[in-house]
Amino acid sequence: MAKTIFEKHSEGRKGYTLPTNDVEISLNRCIPEKFQRKEEVKLPEVSELDVMRHFLELSQMNHCIEKGFYPLGSCTMKYNPKINETLVRNDGFNNLHPLQDEDTVQGALEILYELQKDLAEISGFSNVTLQPVAGAHGEFTGLKIMKAYHDHKGNSHKKKIILPDSAHGTNPASVTLVGYEMVEIKSNEKGLVGIEDLKAHVNDETAGFMLTNPNTLGLFESQVEEIAEIIHSVDGLMYMDGANFNAIMGLVKPGENGFDIMHFNLHKTFATPHGGGGPGAGPIGVREDLIKFLPAPLIGKKDDKYFLDYTHEKTSFGKVHSFFGNFAVNIKAYIYLKMLGPKGLRRVAENAVINANYIQKKLENYYDIPFKDSFCMHEFVASGSWQKEKHGIKTLDIAKRILDKGYHAPTIYFPLIVHEAMMIEPTETESKETLDEFIDAMIEIAKECEEHPELLKNAPLNTPVKRVDDTLAVRQLNVKFEW
Ligand SMILES: *Cc1c(COP(=O)(O)O)cnc(C)c1O
């Protein structure tokens with residue numbers, strides 16, 4: 001373990017040069033005496049070089065996409081072009097104020113307008129709000145719109161939202177937050193929505209259905225139109241969780257495929273680096289008759305001028321964020337969209353799918369892959385169940401060993417319906433060489449399970465932090481550093 005900056009302290013060393021102070025400061029005039037520190041604060045005394053090395057060392061202890069492959073399923077950890085970061089730091093964007101007069105921010109409004117339009121175009125919806133700032137926030141907004149739709153129609157008996165058991169955890173959380181009840185249905189043996197179970201649960205109380213497509217097993221839900229017909233027959237609405245849109249953009253338009261509302265995760269599909277909690281953006285698209293419920297304002301255009309469009313403010317269910325969402329994330333998505341164009345976006349999806357299928361195929365003799373009879377989309381779910389049964393090695397041990405090989409681990413133990421799940425998403429930005437190296441590492445690990453199981457049980461061995469005692473950490477949580 002690397003030393004902390006406190007442990008690098010050496011009395012009298014310093015990293016700055018200041019002229020001698022020739023101004024007398026009367027502390028008592030600024031801070032009442034009772035609030036004044038009685039003892040000198042104990043700060044580490046280190047040289048400038050020590051500080052530089054310390055922070056560089058810390059940055060290298062973390063894994064990141066710039067350092068290595070990051071197959072964290074469901075998260076779409078692709079490479080995000082650095083040009084986005086350079087452009088978004090432009091003074092013209094940074095020095096804007098959200099309360100500025102429309103006439104003085106025409107360029108910014110044009111970008112937001114174009115982004116609304118482009119997202120609507122590629123998803124097949126009539127308009128898009130850019131206000132929500134995460135996927136989960138988009139779900140919340142979408143479900144509020146569903147609620148506004150039912151309230152507007154006097155559908156007070158609509159209380160339930162149906163979800164498949166493969167849904168991401170944010171889906172049931174959003175359902176509850178909006179005040180609906182969740183009804184969970186079972187996936188069928190192919191890993192798709194079980195139509196019979198769905199029919200058994202749909203009734204007059206059904207407000208809507210939430211579906212991720214491709215779903216969290218990495219499988220394309222091919223029965224969307226049939227499902228939409230069932231849900232629409234009781235005046236329910238179809239919500240698409242678009243977190244996996246990376247796999248189908250340019251190929252499928254959810255808005256023309258039976259869905260009424262959808263969120264995008266700009267930080268997954270449209271090139272904003274994420275991890276560490278944000279910032280993100282979760283715009284939502286809706287069909288024509290639902291536009292009136294969207295948060296206001298939308299960005300409008302009239303006679304070549306862009307404006308904040310409040311025309312539907314009275315029917316809107318309200319705002320979900322200040323101003324226009326995460327402006328910088330929206331700009332990055334705009335740059336990415338314009339750089340790739342329609343053909344480029346389609347190639348992103350195609351390559352993401354090819355990469356995932358390539359790994360799935362190469363690993364099928366080494367790991368149990370529950371749904372390998374279907375092609376996967378941009379990700380697939382493998383299981384460590386063979387290793388567990390034969391050698392007592394858990395998926396957690398495999399994931400830790402993957403760290404030793406220089407990779408980020410896949411998402412594990414999700415989705416919940418696959419035992420010992422390992423969810424692998426390579427993304428489109430990885431080369432065949434990188435995929436081959438990862439495949440070799442995974443095969444090597446499968447062999448280690450047989451020949452050197454102790455390596456796995458003690459892994460990781462090569463990382464700055466070794467295997468931690470999860471149970472102890474929970475029981476005796478200690479987050480304080482004492483010097
Ligand atoms: C990531 C994800 C979400 C939630 O998105 P956030 O931006 O993390 O709030 C929802 N559903 C699925 C399938 C996801 O992968």
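Q: How do the residues of the shell around the ligand divide by class: how many are nonpolar, polar and charged?
A: This is a predicted model, and the shell is sorted by residue type. Three of its residues are nonpolar and three are charged. The polar class of the shell around the ligand has seven.

Q: Which residues come nearest to the ligand?
A: There are 13 residues around the ligand. Five of these are named as the nearest, and they are Ser74, Gly135, Asp241, His267 and Lys268.

Q: Which helix gives the largest share of the shell around the ligand?
A: Two helices, spanning 135–153 and 266–269, each supply at least two residues of the shell. The largest share is three residues. The helix that gives these three is α6.

Q: What is the distance from a polar side-chain atom of His267 to an oxygen atom of the ligand?
A: A polar contact is a pair of N or O atoms within 3.5 Å. A polar backbone atom of Ala136 is 2.8 Å from a ligand oxygen, and an N or O atom in the side chain of Asn265 is 3.0 Å from a ligand oxygen. For the side chain of His267, the distance to a ligand oxygen is 2.6 Å.

Q: What percentage of the area that the ligand exposes when taken alone does the protein bury?
A: The starting point is the ligand taken alone, which exposes 370 Å². Of that area, the protein buries 87%.

Q: How much space lies in the largest cavity?
A: Counting cavities of 30 Å³ or more gives four. The space in the largest cavity is about 70 Å³.

Q: Which elements give two or more residues to the lining of the largest cavity?
A: The lining includes Leu112 and Gln116, and also Leu298 and Ile299. One element that gives two or more residues covers 106–123, and the other covers 298–302. These elements are α5 and β8.

Q: How many residues in the lining of the largest cavity are nonpolar?
A: The lining has no charged residues, and three of its residues are polar. Leu130, Pro297, Phe323 and Phe324 are among the lining residues. The nonpolar count for the lining is seven.

Q: Which strands are the edge strands of the open sheet with the order β10-β12-β11?
A: This open sheet has three strands with antiparallel pairing. An edge strand here pairs on one side only. The edge strands are β10 (380–383) and β11 (411–412).

Q: Which residue in β12 does Thr411 stand opposite?
A: Strand β12, residues 421–424, pairs with β11 in the antiparallel sense over two bridges. In β12, the residue opposite Thr411 is Met423.

Key. Residues numbered from 1 in each chain as written. Predicted model: local features only at pLDDT ≥ 70, side-chain atom pairs only at ≥ 80, totals over all residues. Heavy atoms only, no water. Near = heavy atom within 4 Å. Polar contact = N/O pair within 3.5 Å; in protein donor to acceptor, adjacent residues only side chain to side chain. Areas by Shrake-Rupley, 256 points an atom, 1.4 Å probe, with all protein chains shown as cover. Helix = DSSP H or I, 4+ residues; strand = E, 2+ residues; numbered from the N terminus. Nonpolar A, V, L, I, M, F, W, Y, C, P; charged D, E, K, R; others polar. 1 Å grid on protein atoms, 1.4 Å probe; cavity = no way out; pocket = protein on both sides within 12 Å on 5 of 7 lines; lining within 4 Å. Points joined across faces, edges and corners; volume = space filled by probe spheres on them. Pairing = 2+ DSSP bridges.
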